[in-house]
There are 2 protein chains.
Amino acid sequence: MTVAEANELRTICERAGVAVTHQRQVIYETLRTMHGHPSPEEVYTRVKTRIPSVSLATVYKNIHLLIESGIFHEVSLHHGSLRVETNEKPHHHLVCTACKSITDIAAEELGFVSKSRKLRGGFLAQRFAVDVLGLCPDCQKK
Amino acid sequence: MTVAEANELRTICERAGVAVTHQRQVIYETLRTMHGHPSPEEVYTRVKTRIPSVSLATVYKNIHLLIESGIFHEVSLHHGSLRVETNEKPHHHLVCTACKSITDIAAEELGFVSKSRKLRGGFLAQRFAVDVLGLCPDCQKK
DNA sequence: TTGACGTTTGATAATTATTATTGTTTAATA
DNA sequence: TATTAAACAATAATAATTATCAAACGTCAA
């Protein structure tokens with residue numbers, strides 16, 4: 001862990017009012033070294049090599065802490081369950097990072113050029129998560 | 001159910017090689033009348049008012065059928081588990097609708113103007129799912 | 001140092017969402 | 001309507017996540 005990283009974690013913990021424990025340090029550090037889009041289970045497996053006694057629940061709790069602190073993100077807010085899209089018109093979504101509610105917004109209404117942070121209805125935009133859905137090369141073959 | 005809808009469902013079932021059962025009809029029809037982003041549980045509750053004996057598993061199976069037929073979509077692909085974003089650079093994702101693999105693509109690399117369907121690496125773009133992540137008015141108050 | 005107190009952890013039970021299994025019923029078609 | 005494969009309901013199983021709780025830990029005042 002670099003000095004900058006150590007400081008970052010200390011700041012996060014201070015702001016959140018929690019202690020800088022060994023488990024937290026290792027989980028933070030592990031995430032910093034992992035690439036891609038690891039699941040809690042994958043993080044757990046990695047952390048276990050350094051702290052064999054670590055609990056999966058601890059990994060979950062600390063991942064949540066780090067995500068809530070804004071230092072890491074969820075790849076896509078998944079809404080706990082499958083959701084069916086019933087709006088046929090081309091549109092995007094306003095997703096609340098707190099309550100995860102989904103509101104439709106017409107495609108025209110969302111100019112990608114705009115950097116305005118307050119959108120229609122008072123929604124406060126923090127970031128755009130853009131998924132291109134389609135088929136990867138492997139799946140095209142099948 | 002309108003005649004057009006009845007035809008649509010029949011076509012879907014023919015293509016998929018499945019029977020047009022009463023349950024399927026009611027599930028399809030129910031989805032058509034629902035707005036927003038219903039979960040399987042919500043669809044199940046609705047369908048139950050017309051077919052009290054219906055099983056939740058049947059609702060799941062038919063929602064999957066309709067999604068695979070392309071007549072409805074998932075709101076966002078959920079990957080079965082939480083995924084942590086470890087890439088700090090601004091980027092988007094190439095998500096395979098079949099295997100749900102996620103590949104990063106740099107923000108610059110994804111010109112929104114482009115309508116090219118084949119992207120870097122041979123990924124076949126089918127549609128863009130754009131989420132604006134932020135806070136809804138209610139959650140801003142809290 | 002010691003002891004008291006609040007926090008964190010690990011172990012595990014509980015919950016939630018989804019999928020698989022199985023015996024029974026039903027739709028399609030002759 | 002009789003046949004037969006498909007679809008169904010009921011429910012068990014699984015996977016992911018969260019909740020519970022007792023024990024261990026860190027901190028700080030004496």
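The contact between the two chains of this predicted model draws on 55 residues from chain B and 55 residues from chain A. On the chain B side, the elements that put in two or more residues are α3 (40–50), β1 (73–74), β2 (84–85), β3 (91–96), β5 (124–135) and α5 (137–141). Of these, β5(B) hands over the largest share, with 12 residues. As for chemistry, the chain B side that touches chain A splits into 30 nonpolar residues, 19 polar ones and six charged ones.

Strand pairing also crosses from one chain to the other. Strand β1 of chain A, residues 73–74, lines up with β2(B) in the antiparallel sense, and the pair is joined over two bridges. Within this arrangement, A:His73 sits opposite B:Glu85, a residue of β2(B).

Then there is the matter of how the two copies relate. Chain B lands on chain A after a rotation of 179° with 0.0 Å of shift along the axis, and the superposition comes out at an RMSD of 0.2 Å. That is just the relation of a two-fold axis. In chain B, the C-alpha nearest this axis belongs to B:Val130, at 2.2 Å from it. The residue numbers on the two sides tell a matching story: 100% of the interface residues of chain B are interface residues in chain A as well, so the copies meet through the same surface.

Note on methods. Residues numbered from 1 in each chain as written. Chains lettered and ligands numbered in written order. Predicted model: local features only at pLDDT ≥ 70, side-chain atom pairs only at ≥ 80, totals over all residues. Contact = placed C-beta atoms within 7 Å. Helix = DSSP H or I, 4+ residues; strand = E, 2+ residues; numbered from the N terminus. Nonpolar A, V, L, I, M, F, W, Y, C, P; charged D, E, K, R; others polar. Pairing = 2+ DSSP bridges. Least-squares fit on C-alpha atoms with pLDDT ≥ 70 in both.
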